[in-house]
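Student: I would like to go through this model with you. Could we take it topic by topic?

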Amino acid sequence: MKIINPANHQLIKEISEDSKNSITEKMQIAKKAQLQWAKKTLDERLACIQNFSNLLEENKESLAKDLSQEVGKPYQEAINEVNGAKNRIKFFLENSKKWLTENQVNIDGNTKEVLAFEPLGVICNISAWNYPFLVGVNVFIPALISGNAVMYKPSEFSTLTGLNITKYLHASGIPQDVFIPVIGGAQAGEVLLGLPMDGYFFTGSYKTGKYIAEKVSHKLVPVGLELGGKDPLYVTDELVDLKQVAAAAVEGCFYNNGQSCCGVERVYVNENIYDEFMEHFLNEVKKLKVGDPAIATNNQGAITRSSHMAFLEAQITEALGKGAKLLHGGKKIGEQGNFFSPAVLTEVNHTMKIMMEESFGPIIGIMKVKNDEEAIKLMNDCEYGLTASVYCKNIERAKKILAQVDAGTSYVNCCDRVSAYLPWAGRKNSGLGATLSYLGILAFTKPRAWHIRASAENV
Ligand code: NAD
């Protein structure tokens with residue numbers, strides 16, 4: 001497998017892929033090792049995860065350099081990602097004990113009723129490339145803490161980072177047979193689907209997620225899906241500072257080159273402030289600097305997948321063909337790497353793919369709306385339901401709007417943020433189940449209900 005730098009199309013490294021036999025063997029090894037890992041105390045497992053977090057801190061610069069090179073994100077954003085992963089790990093370190101410790105929930109006469117959570121066994125984690133540290137830790141950290149073994153398949157576009165994660169997890173005391181990387185693309189993923197895993201946890205596109213859920217459904221094991229989004233942002237006409245709102249919206253649209261599951265993908269603006277908003281928005285977009293991700297002054301790096309350049313161009317062409325206006329960018333820059341100038345389109349509508357299909361790139365469609373009712377209707381007119389945000393100084397009005405939008409995460413006067421304390425749970429085609437928060441700890445366990453009497457005496 002060739003690891004190619006998307007910023008210059010040069011070969012970074014060649015790595016051999018796993019075969020069907022090697023993956024099957026790895027799983028058999030993991031099945032045995034998991035039983036021993038589950039016998040360790042929770043404190044012992046937590047100590048390994050604390051070591052891992054320390055190693056991330058000690059090796060942050062080299063980890064960020066590899067990540068930036070293989071996915072094309074600016075070095076500083078790669079550093080931010082490692083820091084973000086450490087924050088999430090901190091949440092799991094501080095909160096897992098509370099949820100995983102056996103708990104007496106009732107006494108009924110002489111019967112103690114006790115709730116315990118046990119590991120699922122060997123889980124399969126098929127992961128994405130856009131934030132490999134963040135989406136990875138959502139799954140493998142709580143899975144390992146709760147006593148599972150993990151077969152971890154990083155995306156073929158972030159294999160180096162996947163192997164770095166593996167190296168430091170092993171160095172932190174997690175046995176090599178308990179966290180096992182599987183190297184390859186869709187083919188390697190297919191092999192995992194055919195094996196008797198005890199749970200499947202996937203981060204990636206709706207298309208692949210749905211396929212995986214269907215393929216493994218007969219096994220009746222837990223399936224968690226973190227999928228795509230087409231997240232809307234609505235700017236009302238009740239604001240403190242419109243310039244600030246425009247700056248926040250631009251960051252939500254274009255951070256990580258728009259390759260964020262919860263990035264803003266559609267903007268609706270109240271007609272009373274539309275012209276003023278657009279002026280600020282375009283001023284902010286013009287400040288974005290696209291270029292070599294290793295250069296600190298660039299805040300937009302390269303698009304990770306070369307094939308996606310044509311996809312983005314096609315979305316823009318289709319919208320223009322239906323009457324949209326391109327106010328900024330929308331073109332490949334230079335010959336060497338996957339550089340794309342951030343595109344801003346107006347006069348868009350819901351017959352256009354740019355407003356209905358996940359773009360997953362630096363392009364945004366902006367639509368004028370008459371009132372909150374129209375905004376709510378348009379925000380809901382979508383097959384995805386990951387996040388939605390409303391900017392409004394009247395918080396009650398913002399909450400009233402968002403309560404009517406079918407999305408797992410609601411942002412008032414903010415967007416594109418994730419907290420380890422809150423569940424990350426997409427609705428509709430954005431996913432199934434939840435990671436993060438206490439729900440994302442329990443997701444990797446199965447409950448055991450204990451009914452305990454000291455003697456057989458029936459009272
Ligand atoms: P993808 O679906 O192309 O690939 C994801 C993973 O699935 C990769 O590891 C890939 O090798 C594997 N895969 C592909 N075909 C497979 C098959 N037939 N069987 C088994 N495995 C297979 O997605 P991607 O391009 O890596 O990621 C981008 C998508 O992920 C976007 O839609 C984005 O919104 C979504 N995403 C969602 C979240 C979230 O938290 N909801 C987070 C990050 C990314």
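Tutor: We will cover the cores, the ligand and the salt bridges. This is a predicted model, where local features need pLDDT of at least 70, side-chain atom pairs count only at pLDDT 80 or more, and totals for chains, interfaces and linings use all residues. Residues are numbered from 1 along each chain as its sequence is written, and side-chain values use heavy atoms, with hydrogens and water left out.

Student: Which helix gives the largest share of the largest nonpolar core?

Tutor: A nonpolar core is a set of buried Ala, Val, Leu, Ile, Met, Phe, Trp, Tyr and Cys residues joined through side-chain atoms within 4.5 Å. Buried means under 20% relative accessible area, exposed over 50%, partly exposed in between (1.4 Å probe, protein chains only). The largest core has 102 residues, and Phe 140, Met 151, Phe 277 and Phe 281 have the most contacts inside it. Its largest share, 10 residues, comes from residues 132-145, a DSSP run (helices are H or I, at least four residues; strands are E, at least two; numbered from the N terminus), namely helix H5.

Student: How many residues does the second, separate core have?

Tutor: Tyr 234, Tyr 268, Leu 345 and Val 369 are among its members. The count for this core is 30 residues.

Student: What percentage of the ligand's area does the protein bury?

Tutor: A ligand oxygen is 2.6 Å from a side-chain N or O atom of Glu 358, and a ligand nitrogen is 2.7 Å from a polar backbone atom of Leu 227. Areas come from the Shrake-Rupley method with a 1.4 Å probe; for residues, only the protein chains shown count as cover. Taken alone, the ligand exposes 850 Å², and the buried part is 91%.

Student: How many residues apart are Glu 118 and Arg 448?

Tutor: Their side chains meet in a salt bridge at 2.4 Å, N to O; the rule is a side-chain nitrogen of Lys or Arg within 4 Å of a carboxyl oxygen of Asp or Glu. Glu 118 is partly exposed at 24%, and Arg 448 is partly exposed at 38%. Glu 118 lies in strand E4 and Arg 448 in strand E22, and the separation is 330 residues.

Student: Is Asp 372, the salt-bridge partner of Arg 397, buried or exposed?

Tutor: The two side chains meet at 2.9 Å, N to O. Arg 397 is in helix H14 and Asp 372 in helix H13, so the pair ties together parts 25 residues apart in sequence. At 14% relative accessibility, Asp 372 counts as buried.

Definitions and conventions. A polar contact is a pair of N or O atoms within 3.5 Å; within protein, one must be able to donate a hydrogen and the other to accept it, and residues adjacent in sequence count only if both atoms are side-chain atoms.
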